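Here are my notes on this model, set out point by point. Please read them with the structure open.

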Amino acid sequence: MNHGNHRSSVSKQGRYRNLYGSVESLEARQLLTAAAITDGYTDKWSYFPGETVELFLNGETVQSDVTLTIYTAAIEPHSTFSLDHVEPQQIANELPWKNGYGYSQTASYTIPADMPSGIYFFGPPTGLHDWRGGGNQIPFIVKDPDKESDIVYLTSTNTPNLYNERGGESAYTQYAIGNTTPTVSFERPRNTHFRTGELNKWMSQQDYDYRVIGDRDMDDYSELSGSDLLIIAGHNEYWTVTAKANFDRFVQEGGEVLILGGNVMYRPVEYPTDDSIQVVGFNSSIEVLASIGMNYPWGGRGNTCGACDRNVGFAGYKIVQTEAPFFDGVDLERGDIVSLPFNSEFDGFPNLGLDGDDATGFPIVDPEYSSDFYFFDLFGFEIAQLFRRPAPSRTLGGWIEFQRSPNTGRVLNVGATDWGNYGFTGPDGDKLKALTANMIDYLLDGVYVQPETGDFDFNGILETVDLERLTQAILSQSEPVWKYDLNGDGQVVESDRQAWVDATGHVWGDVNDDRRFDSADLVRIFVAAEYNDNIVGNSTYRDGDFNGDGDFDTQDLVFVFSAGTYDMPPARSSASPDIAGAIASEQASRDVARERAQVSHSTSLVDNHFAARKTLVAADVDSLFQV
């Protein structure tokens, strides 16, 4: 897989075109009676061309010499094949939800060599939006034997089977009675995931070079390694340990990912047998955060779910910013709402809440989370709810882009289960489809927005907090070189701090981020009361540690005044009222007399240190350093 160059020599319009092979003639439908099927299932989910599908069909009546039409994901006829015999069947097993229906095999179908990879149905599917196994679907997946395409499209197969109540029970009815590790069978009528139907239709009608796999195929890394982009289509909640490890490996080796769903990677599963699946607990929320950049505990449900407060949230995503290239041509601005109807579940990100009220505020991304990335950006959010917690249980769902290191793949995660479901058919469906197409092209092209130099926590502001993170990286030598090596010498050292100052326009000594070093900064550092406090390594830049050794002492004063950045305001007869005002504004709760004593003491120390170099004109902070 060549993740380093996504471009080819053909035009962009045709670059990702999927050239389908020939299909069987549909003329057979005119010769035979269409089969009437009550329900049925196949022996497994996915097949390569040349493999044989075993069909277990329950006919409405006894029928002979009938034809069965195969439909595409777009619910369009693809081909037909004939059946000698179909008749009604009865469930043969006890606990059929767990042990399978036990139908007798009705027929077999060999996948043609030229059948394109995709999602198909035996017979016209019904109940595409039923999440409990209702309707009448007999789905199957055709894979690509070459395992090479621009895109590998992962549709959800585990989650709908665990929701499936055919045979009397599902994993969720078992959860309700205290069984936290239920096993359910694949050998019963089953659906495609109700939250992927519209996206599956849309994708099958696009001109991308893509192939389809199911959840179980994720256990085979060769199903990923031949492609540049993995699309996770929908609510892929249930993953094996191997599947998650393969996902992480794909990204680590440079593969790009587009996640078009929410509540992804929430629970681990195993396959006790070829025809069953068992839930084995919950994934570590920290490990999920490391894989997909968000997780469900930081998110929740939107305001249209039955157990949620309908007065909370926007019923969609509120746009944070539109500077990314995939917003081009889409009529959206900061603060606009993109509608996501129904009860979307959202994955969320660590945050410190909103910077205002619900109507005006935008998320404050937790800097301890965002600073771990090589690149991070937030595009939209929803105020969500974890309904299992006592009210109020406000959370934030998110739409993010991230990259862990310069050599790993980019991940775009929309974080909402109904993005490609009711979102595609809702009032903003055209916008969501355009954004989806643009994100796919963006990831395939590989020409990315680059991180801003020196903004280590990705809050869009170059400030002293970023310098403190760089200083800590130099002290600890445990942070990644690629993130903090600003001068490109392969090391994280003191010269990178100067490179940060040069790149950001910072002024040495400015601790209040006003781009000046003056008396207000001196008052702030002395009020922090860490000057020569004999506590090793407890000071930051904003506390007066200008030279980056972890402590505030005379060496820091030598360092900062040697830089020559002290900004002398106009001379005045007495600075005492100004200093007192600055002190009061910095720490109004402290005793002003005590603060004046601290400043006076600090001024005396500075006076002694610079006595050989400076002439004191007045006893105030401003004139103290006047040459």
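1. A term first: a residue is buried under 20% relative accessible area, exposed over 50%, and partly exposed in between. Arg-516, at 34% relative accessibility, therefore counts as partly exposed. Keep in mind throughout that this is a predicted model.

2. Arg-516 has a salt-bridge partner in Asp-518. Their closest N and O atoms are 3.6 Å apart. Asp-518 is buried, with a relative accessible area of 8%. Here a partly exposed arginine meets a buried aspartate.

3. Salt bridges also form a network. Bridges with shared partners join Lys-143, Lys-147, Arg-211, Asp-217, Asp-220 and Glu-223. For the structure, the count of salt bridges comes to 23.

4. Look next at helix α5, residues 197-204. Lys-201 forms a salt bridge with Glu-198, and the closest N and O atoms are 3.6 Å apart. Why about one helical turn between them? The two residues are 3 apart in α5, so about one turn separates them. Lys-201 is partly exposed, with a relative accessible area of 23%. Glu-198 counts as buried at 17% relative accessibility.

5. Arg-542 and Glu-468 form another salt bridge, with the closest N and O atoms 2.7 Å apart. Arg-542 lies in the loop between α15 (519-527) and α16 (554-562), and Glu-468 in helix α12 (residues 464-476), so the bridge ties together parts that are 74 residues apart in sequence. Arg-542 is partly exposed, with a relative accessible area of 30%. Glu-468 counts as buried at 12% relative accessibility.

6. Now the empty space. How many cavities of 30 Å³ or more does the structure hold? There are 6 of them. The largest cavity has a volume of about 50 Å³. Its lining includes Asp-130, Trp-131, Arg-132 and Gly-133. Pro-160 and Tyr-163 also line the largest cavity, as do Asn-191, Thr-192, His-193 and Phe-194. By class, the lining has 4 nonpolar, 4 polar and 2 charged residues.

7. The largest pocket holds about 700 Å³ of space. It is lined by 27 residues, and the closest to its centre are Val-320, Asp-377, Phe-458, Asn-459 and Gly-460. Three elements each give two or more residues to the lining: β23 (363-365), α9 (367-370) and β24 (375-385). Which element gives the largest share of this lining? Strand β24 does, with 4 residues. The pocket lining divides into 14 nonpolar, 5 polar and 8 charged residues.

8. One sheet deserves a look. It is open, has 4 strands in the order β11-β17-β16-β14, and its pairing is mixed. The edge strands are β11 (183-185) and β14 (238-239), each pairing on one side only. β11 pairs with β17 (residues 276-279) in the antiparallel sense, over 3 bridges. Val-184 stands opposite Ile-277 in β17.

9. On to the aromatic rings. The structure holds 49 aromatic pairs. Tyr-172 and Tyr-175 form an edge-to-face pair, 5.0 Å centre to centre with 75° between the planes. These two tyrosines are 3 residues apart in helix α4 (residues 171-176), so about one helical turn separates them. Tyr-172 counts as partly exposed at 23% relative accessibility. Tyr-175 is buried, with a relative accessible area of 18%.

10. A further ring pair, Phe-379 with Trp-399, is tilted: 5.7 Å centre to centre, 55° between the planes. It links distant parts of the chain, with Phe-379 in strand β24 and Trp-399 in strand β25 (residues 394-403), 20 residues apart. Are these two residues buried or exposed? Both Phe-379 and Trp-399 are buried.

11. Phe-379 and Trp-399 also belong to a cluster linked by ring pairs. The other members are Tyr-317, Phe-326, Phe-327, Phe-346, Trp-419, Tyr-442 and Tyr-448. Strand β24, which holds Phe-379, is the element that gives 4 residues to the lining of the largest pocket.

How values were computed: Residues are numbered from 1 along each chain as its sequence is written. This is a predicted model: local features need pLDDT of at least 70, side-chain atom pairs count only at pLDDT 80 or more; totals for chains, interfaces and linings use all residues. Side-chain values use heavy atoms; hydrogens and water are left out. On a 1 Å grid over the protein atoms alone, a cavity is a set of points where a 1.4 Å probe fits but cannot get out, and a pocket is an open set with protein on both sides within 12 Å along at least five of seven lines; lining residues have an atom within 4 Å of a point. Grid points are joined across faces, edges and corners, and a volume is the space filled by probe spheres set on the points. Ala, Val, Leu, Ile, Met, Phe, Trp, Tyr, Cys and Pro count as nonpolar, Asp, Glu, Lys and Arg as charged, and the others, Gly among them, as polar. A salt bridge is a side-chain nitrogen of Lys or Arg within 4 Å of a carboxyl oxygen of Asp or Glu. Buried means under 20% relative accessible area, exposed over 50%, partly exposed in between (1.4 Å probe, protein chains only). Two strands pair if DSSP finds at least two bridges between them. Rings of Phe, Tyr and Trp (its six-membered ring) pair if their centres lie within 6.5 Å; planes under 30 degrees apart count as stacked, over 60 as edge-to-face and the rest as tilted.
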